[in-house]
Number of protein chains: 4
Amino acid sequence: MLSFVNDYSQGAHEQILRRLAETNLEPLPGYGADRYCQSAKEKIRLACKSPAADVFFLTGGTQANAVVIAALLDAFEGVIAADTGHISVHEAGAIERTGHKVLTLPHHEGKICAAGLETFLCRFWKDGNREHMVFPGMVYLSHPTEYGTLYSKEELEAISTVCRAYQIPLYLDGARLGYGLASPQTDVTLPDIAAYCDAFYIGGTKVGALCGEAVVFPRGNAPKHFVTIVKQQGALLAKGRLLGIQFDTLFTDRLYWRIGEQGIEMARKLVKALEDTGYPFYLKSPTNQQFVILENRQMERLARQVSFSFWETLDENHTVVRFATSWATRPEEIEALREILAKEA
Amino acid sequence: MLSFVNDYSQGAHEQILRRLAETNLEPLPGYGADRYCQSAKEKIRLACKSPAADVFFLTGGTQANAVVIAALLDAFEGVIAADTGHISVHEAGAIERTGHKVLTLPHHEGKICAAGLETFLCRFWKDGNREHMVFPGMVYLSHPTEYGTLYSKEELEAISTVCRAYQIPLYLDGARLGYGLASPQTDVTLPDIAAYCDAFYIGGTKVGALCGEAVVFPRGNAPKHFVTIVKQQGALLAKGRLLGIQFDTLFTDRLYWRIGEQGIEMARKLVKALEDTGYPFYLKSPTNQQFVILENRQMERLARQVSFSFWETLDENHTVVRFATSWATRPEEIEALREILAKEA
Amino acid sequence: MLSFVNDYSQGAHEQILRRLAETNLEPLPGYGADRYCQSAKEKIRLACKSPAADVFFLTGGTQANAVVIAALLDAFEGVIAADTGHISVHEAGAIERTGHKVLTLPHHEGKICAAGLETFLCRFWKDGNREHMVFPGMVYLSHPTEYGTLYSKEELEAISTVCRAYQIPLYLDGARLGYGLASPQTDVTLPDIAAYCDAFYIGGTKVGALCGEAVVFPRGNAPKHFVTIVKQQGALLAKGRLLGIQFDTLFTDRLYWRIGEQGIEMARKLVKALEDTGYPFYLKSPTNQQFVILENRQMERLARQVSFSFWETLDENHTVVRFATSWATRPEEIEALREILAKEA
Amino acid sequence: MLSFVNDYSQGAHEQILRRLAETNLEPLPGYGADRYCQSAKEKIRLACKSPAADVFFLTGGTQANAVVIAALLDAFEGVIAADTGHISVHEAGAIERTGHKVLTLPHHEGKICAAGLETFLCRFWKDGNREHMVFPGMVYLSHPTEYGTLYSKEELEAISTVCRAYQIPLYLDGARLGYGLASPQTDVTLPDIAAYCDAFYIGGTKVGALCGEAVVFPRGNAPKHFVTIVKQQGALLAKGRLLGIQFDTLFTDRLYWRIGEQGIEMARKLVKALEDTGYPFYLKSPTNQQFVILENRQMERLARQVSFSFWETLDENHTVVRFATSWATRPEEIEALREILAKEA
């Protein structure tokens, strides 16, 4: 069946598989001390224009979020996030398991804003009972967000300014960063993210890798003994090469960007197909996730011919669903979808 | 340089890489719900003669230990292990991080014994202060142990009998299980382990996989909502296929056993080379890790020509070191080592 | 200065001090095994009409909440509470520190309702992504709430019915329960609470004790080895007698109720004084906490003559403040307040 | 029955009860912000000759240990303690529950030594695998130890020197410090402890208080936002006055020392009675806990006439038991014990 259900349905980009095969029998040190990890880190530093960056490779997004957030927070602190943020809703309480509260702000299309953040922080520090409350210790953004939306450079800068005024780190979850960087509607570059954030991860799993996320502390500001922290949380791969080789490949010849561009080009075709066939959008997403409002019976008919994700109930008769493209989406799949959409419009 | 430093220096067995490539573009559901995971689980159930077994795939050994142990223990309980056990020494406190104490018993060649275990449990339950102490909530074994040694079927049965008498689960860390099962000196089979233990994992990382450990609850006794527990600890891969395809391959045509046998055959040659050249063993290991006593200056000379692992200081002038073989060790490497050994004997 | 700032400004009811002095030199076993603890437990069982109840004494409210909630939840579960609940806002993240998320529902005057609870639970169990979410594992109520309001018997029964339908325990934080039971506007008795809830605590600290809260599991349903859980969280007093003697005294000759009635009678006079002098209430509270809207400059003038608590900003020019009475409030203090209120009205 | 079972069998020293009664109706701010807490802190600073000390009051010893140790350690660190240390054995895993391992050193009569500590630290920092191990992050001593023994000033200084060389804090558990300071065999003063340690607590519960331990960070080196950390662990009393008034009384007119001296004088008489009647000591304790070897049938006969604590099995026929004196022990109780001892010798 035609699948637009997510962006992690296939294995890896073929160049990654090829490199894994080519390097397979080379004996390498374990736990990320191999030369491919070193090379990948160096290429990421260059791409971020952050020559002093500390870079670490983890296997998944929830893992990266839990390890980094726990390492950045003091015991008495929590992390501020949009109420729709991945860590707030869809990580099974992984953050709380490390002992920290997720302090939520209301979202607009998946994003928080600098003004709302500042109001929250200002109130906290004025509150006479604050010693009995969770201290806001850092800010979490996802970019693209859970609704596929992107922060503008101006928005990101404003949030960063608030964080620096209150001396708390800004962390960005880049699970789908490749699609965000490749969007024609963005003015945010990887060096911008490195400049505005204190930690972030460059997502591999959803952008062509088998697994893997590159955590970056752009100014050499990794928490002390971070490798041991990673080990302690069961997140240190013995064969670190698996992650190093993948990221080394992704950051060679702009592969990470080319993969993102492929997903975005497919998303552009998808949007056109949806528009042409008259489907209303829940919101305008500039990336590879598209949110569409379906009448419930229409949704049932479509679901028999194409897979997509249920997102949320809009009203009694309507549902918001998500169609996702990826580096692996082929133009003929969009065409096949267009026919189905036209038939069921 | 010639490397006997560990058993995870290379990538994956070529059949695994081939299967990953062949299945790469097939769209599959995420988070372990794909058909390769299902097939691998079924093959593992068969190999364990445990048709009701619950099987889950995690990425690494420390992760498997921390997730399983935390899930099996009540808040007031700790896990009993040999004082040389991996969880006691080399997992950076991953178990304590989940809130549980590792209660240590003295080891003999890396193993604990049923009698020592029973004495410990008996004393605890007689102690009038036990409400102020950590309750022994389960037993952890590694097989092969950190010294490459193996429990006999009789030893395993005796420990299992004590655990059942005290109604605490027995858990076995099988990071190197493939080499244990393939040893000519063992009488323990995979169905034996499934029969005597309440949980165990079949190690992939050190036995030919890129990454991956198969956690088995042999009588359908997985902790409730185990997938959510795995997710919460950041241990659930989005592309579960990466683990499913690997284990499906390992459990097809006895590949897991053949890999183990290859490592053991190389270990046999290694032992012969060491014996022939007159190196004393620290203990007799029936598996792929061999522990040798070196005079310190001899160790320095050898270290310039071959890599091995420092294990422990024996006395002022002698050191215990480890040579490890694996599925990837080639006979000509053993021969090259033999020459070096002879020269430096 | 005249103080209505809270209900824990004084020491203990004189009868408690007297009993502590009378029993002071009697040698007693430690850790709650003394005869006063036993006697107090028996009296509480009688008062709750719960002959099988398990009763434990802890020192404070946040401690009781953290210990009980962590003991009742599985690792993958969180606790549902009003967004204004004490555990949500004013316990410094004590619940999250035990690894569990507080899942918030919108409040109405500090309360949640059965319908909102049912909708939340129903949606969770229908959500296809629920394995990636925090499972709702119990419900937390405070009674009186943080706004002094009370659940009616009908409301409590309805919430209890939902909890039982979804097989999750209902827990009630009774930090100020004495004032709730003594309110003329309640139809809820202690046996009602024992019948509808699966765990609750009877607050001592704010109702005449030096310290101490009595945790009740009304149907003998205390978590296994609860004393060890209490010890492990640093909550087991060596001289358990301090808590036992206090609760034994509070539950002799209705002292706990008489103390509550005294606080409520003073609250009645306080309300009259506020009404007579024309101060608007933020909401109608039937217990010992009264929430009044003050114009900001008026608030500043009052604050120079009487102490009260800042509660929340209403708008640019108005603030909600709290006046609290207690067992130790004297009628002449209300009269003195009335004069000040009249002058500044 | 005659009781030498422990030093927390009675309530409080009468002067403490008197001060609690005298101050009872005085309205005071909550959570330790009252003037008695301030006064007690100032007196403790004076007694410690540490004018910059941060002082906090907690309710019990396990609580103090867990809160302080968790606050002083980084996530990747554990606490070094004697294998007989209270945190190692008798706190139900309270330290592990905060996520940290207790790293044990062998004890001699309950004590560790500077040389053994240095060897341990030196080996750790030389170990090539240390990134996979728990980092030694602080040292825990109890003084008096669990065997009633005391560190000499020279021993304490040597341990402190090692800690400072390795830049890890030294923490001293003074649950029974009053008896240690009052021993004629000690050369360690409270200012010595303040000078050599980075944190310690002055025990109240076992030295005349109803409850309470004074945690001291002698050089103003309390962890950031320590009050919130205390609150988060459920250890912040609403009526902080209960602790402040007790410690203010204990540190007025040398009451804390006089209580200790009383316990020690009774211990001297106890030792004499035991010596005179020919009972062998397990070791020589200079404080209020005395460890005696009893023949098992003799132990049974004695146990019918006097209560003491079982300590450990010596051999098949002999048991080590503990007799404890306290501030509340009366000379006539020692005389009555002497008669029983003589009869059963």
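**Entry 1: chains A and B**

I began with the contact between chain A and chain B in this predicted model. I found that 42 residues of chain A and 42 residues of chain B take part in it. I then looked up the area: the two chains bury about 3700 Å² between them. Of that area, 57% lies on carbon and sulfur atoms.

Which residues of chain A lose the most area to chain B? I noted A:Arg97, A:Gln232 and A:Lys239, which together make up 20% of what that side buries.

Next I checked for salt bridges between chain A and chain B, and the count was 0. I had to keep the cut-off in mind here, since a salt bridge needs a side-chain nitrogen of Lys or Arg within 4 Å of a carboxyl oxygen of Asp or Glu. Polar contacts gave another result: I recorded 22 residue pairs between chain A and chain B, with both residues at pLDDT 80 or more.

I also asked which helices of chain A each supply at least two residues to the side that touches chain B. My list reads α1 (14–22), α3 (61–72), α5 (94–97), α10 (226–232) and α11 (241–250). Sorting the residues of that side by class, I got 19 nonpolar, 17 polar and 6 charged.

**Entry 2: chains D and C**

I turned to the contact between chain D and chain C. Each chain gives 41 residues to this contact. The buried area is about 3700 Å², with 57% of it on carbon and sulfur atoms. On the chain D side, I wrote down D:Arg97, D:Gln232 and D:Lys239, which supply 20% of the area that chain D buries against chain C. No other three residues supply more.

How many salt bridges cross the interface of chain D and chain C? I found 0. For polar contacts across this interface I noted 22 residue pairs, both residues at pLDDT 80 or more.

The helices that each bring at least two residues to the side of chain D touching chain C are α1 (14–22), α3 (61–72), α5 (94–97), α10 (226–232) and α11 (241–250). By class I counted 19 nonpolar, 16 polar and 6 charged residues on that side.

**Entry 3: the sheet of 7 strands in chain C**

I traced an open sheet of 7 strands in chain C and wrote its order as β2-β8-β7-β6-β5-β3-β4. The pairing is mixed. Why do β2 (54–58) and β4 (102–105) of chain C each have one side without a neighbour in the sheet? Both stand at the edges with a single partner strand, so one side of each is left free of a neighbouring strand. Neighbouring strands in this sheet are turned by 25° against each other on average, direction ignored.

I looked at one pair of strands in detail. Strand β7 (residues 199–203) and strand β8 (residues 213–217) of chain C run antiparallel and are joined by 4 bridges. In this pair I saw that C:Ile202 stands opposite C:Ala214 in β8(C).

Two helices that pack on the sheet went into my notes. Helix α6 (residues 114–126) of chain C touches β3 (77–82), β4 and β5 (135–142), and its direction makes about 170° with that of β5(C). Helix α11 (residues 241–250) of chain C touches β2, β7 and β8, and its direction makes about 115° with that of β2(C).

**Entry 4: the sheet of 3 strands in chain A**

In chain A I traced an open sheet of 3 strands with the order β9-β12-β11 and antiparallel pairing. I noted that β9 (289–295) and β11 (309–315) of chain A each have a single partner strand, so one side of each has no neighbour in the sheet. The twist averages 30° from one strand to the next.

I counted 5 bridges between β11(A) and strand β12 (residues 318–324) of chain A, which run antiparallel. Here A:Thr313 stands opposite A:Thr319 in β12(A).

**Entry 5: backbone details**

Is the peptide bond from A:His143 to A:Pro144 cis or trans? I found it to be cis, with omega near -5°. A:Pro144 sits in the loop between β5 (135–142) and α7 (153–165) of chain A. In chain C, a cis peptide bond joins C:His143 and C:Pro144, and omega is about -5°. I placed C:Pro144 in the loop between β5 and α7 (153–165) of chain C.

My last look-up was A:Asp253, which is not a glycine but has a positive phi of about 55°. I located A:Asp253 in the loop between α11 and α12 (255–276) of chain A.

Note on methods. Residues numbered from 1 in each chain as written. Chains lettered and ligands numbered in written order. Predicted model: local features only at pLDDT ≥ 70, side-chain atom pairs only at ≥ 80, totals over all residues. Heavy atoms only, no water. Contact = heavy atoms within 4.5 Å. Buried area = accessible area lost by both parts, 1.4 Å probe. Polar contact = N/O pair within 3.5 Å; in protein donor to acceptor, adjacent residues only side chain to side chain. Nonpolar A, V, L, I, M, F, W, Y, C, P; charged D, E, K, R; others polar. Pairing = 2+ DSSP bridges. Axes fitted to C-alpha atoms, helices over the stretch in contact; angles between N-to-C directions.
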